[in-house]
Amino acid sequence: MRVAVTTGYSYWGRWHPSDALDPPTPHRSPTQIAGGETAMLWLSTGLAQAGHQVGLFYDTARPVLYRGVQYLPTTYKLPELLSRRYDVLISWEDIESLAVNHGAAVTIHAIQCNIMAMGIIDYGV
């Protein structure tokens with residue numbers, strides 16, 4: 001399957017996937033990104049390892065293939081989605097991707113509960 005992963009995250013700036021997926025070394029300290037980004041990276045990597053073609057759109061300087069995932073600059077996102085090449089769209093808090101005619105048969109919208117208003121019900125969080 002061809003899987004597009006898009007994200008609304010951009011507040012950590014540019015980084016390479018190895019910054020988050022590989023252990024720090026004496027010559028490279030870990031890049032600070034949060035749990036949502038880390039989960040998105042590991043999910044994408046797992047899907048690629050399972051044999052899927054994964055394109056992840058993020059604030060990368062240029063396209064890079066890393067651990068089987070094609071990381072693409074966000075400027076590629078809308079043209080790629082409009083090409084209707086993907087079977088699955090995973091939108092990681094990215095409303096913009098859901099608003100276009102992407103043509104994916106399956107759409108998943110991942111939202112972290114820490115940004116949601118819980119309303120009047122106490123969920124014990």
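These legends go with close-up views of a predicted model of one protein chain.

**View 1. The whole chain, as a starting point.** Let us begin with the overall layout: the protein chain has four helices and six strands. Followed along the sequence, these elements come in the order β-α-α-β-β-β-α-β-α-β. Of the chain's 125 residues, 37% count as buried. The exposed surface comes to about 7200 Å², and carbon and sulfur atoms supply 58% of that area. If you like contact statistics, take the contacts between residues at least 6 apart in sequence: 47% of them join residues at least 24 apart.

**View 2. Strand 1 and its two partners.** Here we look at strand 1, which spans residues 2-7. Five of its six residues are buried, so the rest of the structure largely encloses this strand. On one partner, strand 2, the pairing is parallel and is made through five bridges; V3 stands opposite V54 there. Strand 5 also runs parallel to strand 1, joined by five bridges, and in this pairing T7 stands opposite W92.

**View 3. T6, a threonine within strand 1.** Now zoom in on T6, which has its place in strand 1. Is T6 buried or exposed? Its relative accessibility is 0%, and because buried means under 20%, T6 counts as buried. Its side chain makes a polar contact with the side chain of D94, at 3.0 Å. Leaving out residues up to four places away in sequence, T6 touches F57, K77, L81, L89, I90, S91, W92, D94 and S97.

**View 4. The largest nonpolar core.** This view turns to the 19 residues of the largest nonpolar core, in which V5, M40, L56 and Y71 touch the most other members. Which elements give two or more residues to this core? They are strand 1 (2-7), helix 2 (35-49), strand 2 (53-58), strand 3 (64-66), strand 4 (69-73) and strand 5 (88-92). As general background, nonpolar side chains tend to be buried together in soluble globular proteins.

**View 5. The surroundings of Y71.** Y71 is one of the residues that touch the most other members of the largest core, so it earns a close-up here. Setting aside neighbours within four places in sequence, Y71 is in contact with P17, L21, L41, T45, L56, T60, R62, P63, V64 and Y66.

**View 6. A second core.** A separate nonpolar core of seven residues includes F57, L72, Y86 and L89. Two of these names may look familiar from View 3: F57 and L89 are among the residues that T6 touches.

Terms used:
Residues numbered from 1 in each chain as written. Predicted model: local features only at pLDDT ≥ 70, side-chain atom pairs only at ≥ 80, totals over all residues. Heavy atoms only, no water. Core = buried A, V, L, I, M, F, W, Y, C linked by side-chain atoms within 4.5 Å. Buried < 20%, exposed > 50% of the residue type's maximum accessible area, 1.4 Å probe, protein only. Contact = heavy atoms within 4.5 Å. Areas by Shrake-Rupley, 256 points an atom, 1.4 Å probe, with all protein chains shown as cover. Polar contact = N/O pair within 3.5 Å; in protein donor to acceptor, adjacent residues only side chain to side chain. Pairing = 2+ DSSP bridges.
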